[in-house]
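Work through the exercises below with the sequence and the 3D structure at hand. Try each task before you read its solution.

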Amino acid sequence: MLEINNLRVDLEENGKSILKGINLTVGTGSVHAIMGPNGSGKSTLSYVLSGRDGYSVTEGSIKLDGEDLLSKEAEERAAHGLFLAFQYPVEIPGVGNLTFLRTAVNAQRKVRGEPEMKSGEFLKLVREKAQELKIDSEMLKRSVNVGFSGGEKKRNEILQMIMLEPKLCVLDETDSGLDIDAMKLVSSGVNALRDEKRGFLVITHYQRLLNYIQPDFVHILVDGRIVKSGTGELALEVEHNGYADILAEMA
Amino acid sequence: MMNLLQEKREAAKLRINTLKMPEGGWSFAARAAALERVKRTGLPSRRDEYWKFTNPETLVKQATESAALFKSDEVPFFETDRLKIVFIDGVFCESSSDDLVLNGIEIDRLADVIPNKVHWAQSIYGVIESRGQTPVERPLAALNTAFATDGVLINVKRTPSKPVSLIYDHSSENSDAILHHVIKVNSGASLTVLENGPAAARFNKCMEIQLAEGASFHHIRTQGRDHERRASTHMFAQLNASSTFKSFTLTVNGRLTRNEVVVELSGENSIANIAGACVGDGDFHHDDTVFVTHAAENCDSRQVFKKVLRNGATGVFQGKILVKQCAQKTDGYQISQALLLDNDSQFNAKPELEIYADDVVCSHGSTSGAIDEEALFYLRSRGVERAEAADLLTLAFLGEAVEEIEDESLTEQIVSLLSSWLMRHRPS
């Protein structure tokens with residue numbers, strides 16, 4: 001479903017090379033984890049996938065369901081089924097959470113030629129899904145992420161993911177700033193979305209999230225390259241020995 | 001070269017020569033005094049400190065610049081039950097207006113009562129305006145007091161069942177209108193006034209408001225899409241104890257608009273909230289000049305102004321809170337912010353606090369900036385198109401000012417006016 005081929009990316013502002021030839025295929029129904037030390041390029045990969053400005057792709061390609069993503073705007077990628085759960089969800093004062101969700105859902109439907117979701121139907125669905133994530137109606141009414149705790153922001157990301165029903169979910173350090181209870185809530189939200197048609201790319205520094213969202217494959221990203229791939233076992237190995245062993249192997 | 005005062009007096013002389021002051025009647029003394037003020041101070045010049053950011057030339061000079069007529073069916077009218085009072089090119093239009101009858105209030109047309117020997121409005125007409133002439137002179141308001149021949153005089157004895165709606169229309173491309181309204185709200189009563197519509201090619205409007213103890217006054221105004229108009233408006237309000245004054249103005253387009261609001265909190269526990277939202281594209285110049293004087297204890301005032309500017313539009317905010325020595329426990333707040341959608345637009349702000357009491361809370365802030373790129377990307381990453389995302393963020397920016405309106409249905413109408421303006425003015 002997702003095919004990344006020899007992806008090379010520089011930072012636009014200073015030309016610094018961040019990703020140095022990434023090759024990765026995520027098939028439908030599978031969960032891939034990307035782990036790596038700080039500064040290895042994990043977040044850059046998620047931003048380049050989502051279409052954020054500030055990066056220049058010097059080589060390679062990204063395809064989702066056979067379509068070239070790099071030529072699409074961020075909003076087109078979203079409508080095509082890509083979702084990025086942000087490491088740091090943005091606060092938007094003055095834009096209500098519900099308004100935001102409904103605008104997003106209907107914008108994507110419009111692009112796909114589907115009818116708008118009716119207000120009643122939408123509200124019913126949001127309330128049901130929000131309840132599963134322990135998001136109360138007060139949080140739905142407030143401005144997007146404004147005054148939310150770290151855990152609330154991440155749960156709000158997952159709520160958006162559930163409502164938008166993407167094909168490929170990219171989770172960027174979703175575990176950062178979460179306590180165990182919040183991590184369980186977020187993980188069960190993610191796990192409920194796992195099915196045959198959907199792929200996941202879970203980006204994380206620590207293995208602990210992967211106890212709750214168990215990956216089919218784990219890739220270790222170091223200095224802009226995937227240096228090692230394996231099954232879930234590999235994550236445990238990293239947890240035990242840190243990245244030092246892998247870095248030593250490379251040296 | 002003439003000195004500044006000579007030049008201003010010369011301009012006043014030329015302008016006065018084109019106007020005719022009504023003789024006699026209860027308002028004559030106030031008019032004569034106002035005329036003397038104008039002769040003494042002259043009319044504003046761009047060299048005046050108070051007009052540093054807005055060139056008053058077209059507001060002051062003898063001849064009016066012509067302004068294209070605006071199709072009235074496109075004028076955003078308030079959709080609410082209201083008593084309609086219509087002025088065309090600054091002249092009351094009986095056939096388009098409702099009967100000036102509403103339970104609890106007394107409404108007179110200024111033109112009808114000018115010859116009368118006595119009128120209740122005598123204690124207000126030109127009186128509150130002249131109090132507002134210090135410490136800063138406002139000669140266009142004095143000119144208005146001297147020469148206005150039409151307007152409404154509203155005496156609110158009991159709260160009426162619906163708002164009074166002042167609707168301005170124009171039928172001539174060269175109309176030069178002067179309107180003067182007086183509103184007196186008696187103890188414990190409340191009045192809502194709506195204002196909208198293109199008034200004239202050049203419009204000089206003055207409204208004097210006196211609120212008795214426990215009275216309240218709500219004002220919601222839209223200045224519409226008659227882009228070529230040039231307008232100078234003044235509101236002078238005097239607040240007695242426990243009274244409430246709330247005013248919100250939406251301005252969309254307009255080559256030149258200067259809205260001055262001058263409020264004196266002269267009774268304890270009174271409240272004044274003045275808010276404005278404006279959106280301008282291209283040759284748009286909008287100036288909000290506000291002066292709030294705290295002259296009694298325990299009063300609250302808020303000034304909330306938001307401007308969205310693009311394609312070289314200019315926004316101005318001059319806002320002052322003056323706290324007199326007697327006005328302990330004052331709570332004053334002032335914020336003015338501009339969202340500049342491109343590099344060509346500009347916002348000039350002059351926020352001022354002048355405080356002589358020692359036990360007060362006053363804060364002010366002023367910012368100008370671009371759309372938050374992080375927020376824009378976040379919205380886009382969820383599938384919202386760039387233009388729609390920018391509109392959402394722009395409406396959110398204006399929200400703080402719009403929320404000052406208490407009536408929810410009016411808030412919704414204002415928001416929908418704003419969103420349709422944004423849709424029409426999306427960058428192509």
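**Exercise 1. Two helices of chain A**

Task: In this predicted model, find how H3(A) and H6(A) are oriented relative to each other.

Solution:
- Step 1. Locate the helices: H3 covers residues 97-111 of chain A and H6 covers residues 150-164 of chain A.
- Step 2. Look at the axes, which come within 10 Å and cross at roughly 30°.
- Step 3. Apply the cut-off: angles under 35 degrees count as roughly parallel. H3(A) and H6(A) are therefore roughly parallel to each other.
- Step 4. Add the hand: H3(A) and H6(A) cross in the right-handed sense.
- Step 5. List the residues in contact. H3(A) contributes A:Asn97, A:Phe100, A:Leu101, A:Ala104, A:Val105 and A:Gln108. H6(A) contributes A:Asn156, A:Leu159, A:Gln160, A:Met163 and A:Leu164.
- Step 6. Sort them by class: seven are nonpolar, four are polar and none is charged.

**Exercise 2. A sheet in chain A**

Task: Give the strand order of the six-strand open sheet in chain A, and say which strands are at its edges.

Solution:
- Step 1. Read the order across the sheet, which is E6-E9-E10-E3-E11-E12, with mixed pairing.
- Step 2. Find the strands that pair on one side only: these edge strands are E6 (82-85) and E12 of chain A.
- Step 3. Note the turn between neighbouring strands, which is 20° on average, direction ignored.
- Step 4. Go through some pairs. E3(A) and E10 (residues 199-204) of chain A run parallel and are joined by five bridges. Here A:Ile34 has A:Ile203 of E10(A) as its bridge partner.
- Step 5. E3 (residues 31-35) of chain A also runs parallel to E11(A), with four bridges. The partner of A:His32 in E11(A) is A:Phe217.
- Step 6. Add the helix H1 (residues 42-50) of chain A: it lies across E3, E6, E9 (168-172), E10 and E11 of chain A, at about 145° to E6(A).

**Exercise 3. Strand E11 of chain A and its hairpin**

Task: Is strand E11 of chain A largely enclosed by the rest of the structure or largely open? Describe its hairpin with E12(A) as well.

Solution:
- Step 1. Count the buried residues: in E11 (residues 217-222) of chain A they are five of six.
- Step 2. Draw the conclusion: with five of its six residues buried, E11(A) is largely enclosed by the rest of the structure.
- Step 3. Turn to E12 (residues 225-230) of chain A, which pairs with E11(A) in the antiparallel sense over five bridges. In one of these bridges, A:Leu221 is matched with A:Ile226 of E12(A).
- Step 4. Look at the turn of this hairpin, where two residues lie between the strands and A:Asp223 takes a positive phi near 50°.

**Exercise 4. A sheet of chain B and two helices**

Task: Describe the 10-strand open sheet of chain B and the packing of H8(B) with H9(B).

Solution:
- Step 1. Write down the order, E2-E1-E6-E8-E10-E12-E14-E16-E18-E20, in which the pairing is mixed.
- Step 2. Identify the edges. E2 (91-92) and E20 (361-369) of chain B each have a single partner strand, so one side of each is left without a neighbour in the sheet.
- Step 3. Take one pair: E14 (residues 271-281) and E16 (residues 300-310) of chain B pair in the parallel sense over 11 bridges. B:Ala272 is opposite B:Ser301 of E16(B).
- Step 4. Place the helices. H8 (residues 386-402) of chain B touches E12 (244-252), E14, E16 and E18 (331-340) of chain B, and makes about 155° with E16(B). H9 (residues 408-424) of chain B lies across E8 (190-196), E10 (216-223), E12 and E14 of chain B, at about 20° to E12(B).
- Step 5. Compare the axes of H8(B) and H9(B): they are 11 Å apart, and the packing angle is about 145°. The crossing is right-handed.
- Step 6. Classify the residues of this contact: eight are nonpolar, three are polar and one is charged.

**Exercise 5. A loop residue of chain B**

Task: Is B:His170 buried or exposed?

Solution:
- Step 1. Find B:His170 in the loop between E6 (164-169) and E7 (176-185) of chain B.
- Step 2. Use the cut-off: buried means under 20% relative accessible area. At 7%, B:His170 is therefore buried.
- Step 3. Check its surroundings: residues touching B:His170 include B:Phe70, B:Ile88, B:Pro198 and B:Asp226.
- Step 4. Set sequence against space: B:His170 and B:Phe70 are 100 residues apart in sequence, while their C-alpha atoms are 7.8 Å apart.

How values were computed:
Residues numbered from 1 in each chain as written. Chains lettered and ligands numbered in written order. Predicted model: local features only at pLDDT ≥ 70, side-chain atom pairs only at ≥ 80, totals over all residues. Heavy atoms only, no water. Axes fitted to C-alpha atoms, helices over the stretch in contact; angles between N-to-C directions. Parallel < 35°, antiparallel > 145°, perpendicular 65-115°, else oblique. Left-handed = near helix turned anticlockwise from the far one by under 90°. Contact = heavy atoms within 4.5 Å. Nonpolar A, V, L, I, M, F, W, Y, C, P; charged D, E, K, R; others polar. Buried < 20%, exposed > 50% of the residue type's maximum accessible area, 1.4 Å probe, protein only. Pairing = 2+ DSSP bridges. Lists of a residue's contacts leave out its neighbours within four places in sequence.
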